[in-house]
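Visitor: I should like to learn how to read a protein structure step by step. May we begin with charged side chains and then turn to the chain as a whole?

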Amino acid sequence: MKNNLQNRIAEAKDEFLEALDLFGQDNINTVPFEGSWTGGQVAEHILKSVSGILETLNGPSIPTERDPEEHVKMLGDVFLNMEIKMKSPDFIIPSDSPKDKFFLRTSLAKTFDGIEQAAGKDNLTETCTSFEMPTIGPLTKIEWIQFAGFHTRRHAQQLKNIAGYLKKVEIEL
């Protein structure tokens, strides 16, 4: 049976992929309004993020000398609060090139499956050492997995908002 972390990441994956499915290839690259990412750019942003998280989870780690869930509540409070506007780190900003929905969906599903597998391992209290969360520092595997879920849910909501806006504009035309 899946553990709680595996369930959480699976739920975040499902929510994001369902939101992505609100788009077709015909509108995945449509800018909904000035200053917004396209649905494809949001998906590429999440793909870059979760790919890096999976690499971090599978990278080197050391025993943790603090509560391994110390940053979970703060990460959830920040990333699930849609009132807080954030600036993405440069390394996960999506490109301006057109996106292929099938490629994004397939790549996202595969990457999330990898995170879900990592969440089923025994050493989740260890601190990952290959990458640090900007402004926070090193995170444990538990914290990275929780962050992946929070960040994905945040952007699933963004995808839903973009799809709703595009549908509204389409109806008005």
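Visitor: With which side chain does the side chain of K101 meet in a salt bridge?

Guide: Please bear in mind that this is a predicted model. To recognise a salt bridge, one looks for a side-chain nitrogen of Lys or Arg within 4 Å of a carboxyl oxygen of Asp or Glu. Here the partner of K101 is D21, with 3.6 Å from N to O. The pair links distant parts of the chain, 80 residues apart: K101 belongs to helix α4, and D21 to the loop between α1 (4–20) and α2 (39–57).

Visitor: Do these two residues count as buried, exposed or partly exposed, and why?

Guide: The general idea is a pair of cut-offs: buried means under 20% relative accessible area, exposed over 50%, and partly exposed in between. K101 has 15% relative accessibility and therefore counts as buried. D21, at 38%, counts as partly exposed.

Visitor: What is the N to O distance in the salt bridge of E143 and R66?

Guide: The distance in that salt bridge is 2.7 Å. E143 lies in helix α5 (residues 141–172) and R66 in the loop between β1 (61–62) and α3 (72–79), so the bridge ties together parts that are 77 residues apart in sequence. E143 counts as buried because its relative accessibility is 0%. R66 has 25% and so counts as partly exposed.

Visitor: Which residue forms a salt bridge with K73?

Guide: The partner is D77, and the closest N and O atoms are 2.7 Å apart. This pair sits within one element: K73 and D77 are four residues apart in helix α3, which means that about one helical turn separates them. K73 counts as exposed, with 59% relative accessibility, whereas D77 counts as partly exposed, with 44%. Salt bridges may also share partners, and in this way E11, E15, R153 and K160 are joined into one network.

Visitor: How many salt bridges does the structure hold, and how many side chains are positive or negative?

Guide: The structure holds eleven salt bridges. The protein chain has 19 positive and 26 negative side chains, and 3 Å separates the centres of the two sets.

Visitor: Let us turn to a single residue. Where is L124 found, and which residues is it in contact with?

Guide: One first places a residue among the elements and then looks for its partners in space. L124 is in the loop between α4 (101–118) and β2 (127–128). Leaving aside neighbours within four places in sequence, L124 is in contact with L5, A118, A119, T140, K141, I142 and I145. One of these, I142, is 18 residues from L124 in sequence, and their C-alpha atoms are 5.4 Å apart in space. L124 has 10% relative accessibility, so L124 counts as buried.

Visitor: In what order do the elements of the protein chain run?

Guide: From the N terminus on, the order is α-α-β-α-α-β-α. That makes five helices and two strands.

Visitor: How does the radius of gyration of the protein chain agree with that of a compact globule?

Guide: One compares the value with what the number of residues would suggest. For 173 residues, a compact globule would have a radius near 16 Å, and the protein chain has 16 Å, which agrees. Along its principal axes, the C-alpha trace spans about 60 × 30 × 25 Å. Buried residues make up 46% of the 173 residues. Among contacts between residues at least 6 apart in sequence, 84% join residues at least 24 apart.

Notes
Residues are numbered from 1 along each chain as its sequence is written. This is a predicted model: local features need pLDDT of at least 70, side-chain atom pairs count only at pLDDT 80 or more; totals for chains, interfaces and linings use all residues. Side-chain values use heavy atoms; hydrogens and water are left out. Buried means under 20% relative accessible area, exposed over 50%, partly exposed in between (1.4 Å probe, protein chains only). Contact means heavy atoms within 4.5 Å. The radius of gyration is taken over C-alpha atoms; the globule rule is 2.2 Å times the number of residues to the power 0.38. Lys and Arg count as positive and Asp and Glu as negative; His and the chain ends are not counted. The place of a charge is taken as NZ of Lys, CZ of Arg, CG of Asp or CD of Glu.
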